[in-house]
Amino acid sequence: MNTGTQNKSGVAIAFVLFGVLCISVNDMLIKQLSSGYPLHQIVFFRSCIAILFSMVFLQFEGGWSALRTDTPWLHALRGVSVVISNMSFFLALAVLPLAEATALFFAAPLFITLLSIPILGEKVGPVRLGAVLVGFIGVVIMQRPWVPTDTLTASRIVLLLPVLAALTYALNQLMTRKLGVKARASALAFYIQCTFIIVSIGFFIIAGDGRFAESTTNASLEFLLRAWVVPPAEDRWVLLALGVNGALIGYCLSQAYRMADAATVAPFEYIGLPLSVFWGLMIFGHLPTWEVWVGIALILASGLFVFFRERVKAARVTPRPVARRH
């Protein structure tokens, strides 16, 4: 690997680390707001603010012409996958402790490693696949299949929502890698925020008056279908912070996955695990159960093993010229 490739990978890793820090703050703020606002209202305000910042980033990366694309349907599919991922995770977040929801979501890097084989044509050896299997065992443990359903603090469906979010997030990041060959990170982030705004407006038209929330006692459905409210002054600053965070998240992750291969970037997303434990304890007073601790340990261990193995393997390979993108 030449110096230019190493430098690009290092910048990509810096982007993903900062992006994950912003995600952890974003999740903590949304959990705080989940008892008083509908999810689609939070998403709408966050995306309206974030898209303004995305427009600013866009001007530094080619202006409006950067939005031109030969693959509009792939951008649309990527946008839908991000919406499904976010909605699924946030619906679970309204019920589950922050660390538990985040730990289950961290099946995403495992999915990325697996899906990078058929989608990106990346090579993943048997040892790496074994490490991925260990990570999925951690996910299964957090699902507590041995516990009777009626004794769980959340339904089986709620426990699976972060896993669905992980799968769709993985698809999104792999599409980002494909689109990032030509598209700018600011353009990728702009399209995502547009999709969020369109979907949240659709929810407002259909359920914005809260009529569907009146017939349910499910906390996740209430969060999704609750009526819109006028935010008090103190919450407006939180919504502003969510918007800024949303812009930074979209830009940083898009930039990271377009600059380096998914298998290089994905393991660094694991910094979100200790961050979720920190916010869960400091803000909500939650400590993970033993199942969550075991799951976190297995997922973290599998990810770090894959990363360090790849570093050692790369050091043994004779450096080759890297084709430049034009």
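**Reading a nonpolar patch, a cavity and a salt-bridge network**

Modeller: In this predicted model, helix 12 supplies the largest share of the nonpolar patch, namely four residues.

Biologist: Which residues form this nonpolar patch on the surface, and what is their accessible area together?

Modeller: The patch consists of F278, L281, M282, I283, L287 and W293, with about 610 Å² of accessible area together. F278 is placed in helix 12.

Biologist: Is F278 buried, partly exposed or exposed?

Modeller: F278 counts as partly exposed because its relative accessibility is 43%, and the class of partly exposed residues lies between the limits of 20% and 50%.

Biologist: Let us turn to the interior. How many cavities of 30 Å³ or more are there?

Modeller: The count is two. The largest cavity has a volume of about 510 Å³. Its lining comprises 31 residues, of which I23, N86, Y169, I249 and L253 are the closest to the centre.

Biologist: Which elements give two or more residues to that lining?

Modeller: They are helix 1 (3-33), helix 3 (72-93), helix 4 (98-105), helix 7 (156-179), helix 8 (185-207), helix 10 (233-259) and helix 12 (272-284). Helix 3 gives the most, with six residues. By residue class, the lining of the largest cavity divides into 14 nonpolar, 13 polar and four charged residues.

Biologist: How should I read the salt bridges, and how many does the structure hold?

Modeller: As a general idea, side chains of opposite charge can pair when their charged atoms come close. This structure holds three salt bridges. In one of them, R144 pairs with E100, and the closest N and O atoms are 2.8 Å apart. R144 lies in the loop between helix 6 and helix 7, whereas E100 lies in helix 4, so this pair ties together parts that are 44 residues apart in sequence.

Biologist: Are R144 and E100 buried or exposed?

Modeller: Both R144 and E100 are buried. For R144 the relative accessible area is 9%. R144 also has a positive phi of about 50°, although it is not a glycine.

Biologist: What other salt bridge involves R144?

Modeller: The side chain of R144 also meets that of E291, at 3.7 Å from N to O. E291 lies in helix 13 (residues 290-316), so its pairing with the loop residue R144 ties together parts that are 147 residues apart in sequence. E291 is buried as well, with a relative accessible area of 9%.

Biologist: And where does D209 find its partner?

Modeller: D209 forms a salt bridge with R211, with the closest N and O atoms 2.8 Å apart. D209 is partly exposed at 49% relative accessible area, and R211 is partly exposed at 41%. Shared partners, by contrast, join E100, R144 and E291 into one network of salt bridges.

Note on methods
Residues numbered from 1 in each chain as written. Predicted model: local features only at pLDDT ≥ 70, side-chain atom pairs only at ≥ 80, totals over all residues. Heavy atoms only, no water. 1 Å grid on protein atoms, 1.4 Å probe; cavity = no way out; pocket = protein on both sides within 12 Å on 5 of 7 lines; lining within 4 Å. Points joined across faces, edges and corners; volume = space filled by probe spheres on them. Nonpolar A, V, L, I, M, F, W, Y, C, P; charged D, E, K, R; others polar. Patch = residues over 30% accessible without salt bridge, like charges linked within 9 Å, V, L, I, M, F, W, Y side chains within 5 Å. Areas by Shrake-Rupley, 256 points an atom, 1.4 Å probe, with all protein chains shown as cover. Salt bridge = Lys/Arg side-chain N within 4 Å of Asp/Glu carboxyl O. Buried < 20%, exposed > 50% of the residue type's maximum accessible area, 1.4 Å probe, protein only.
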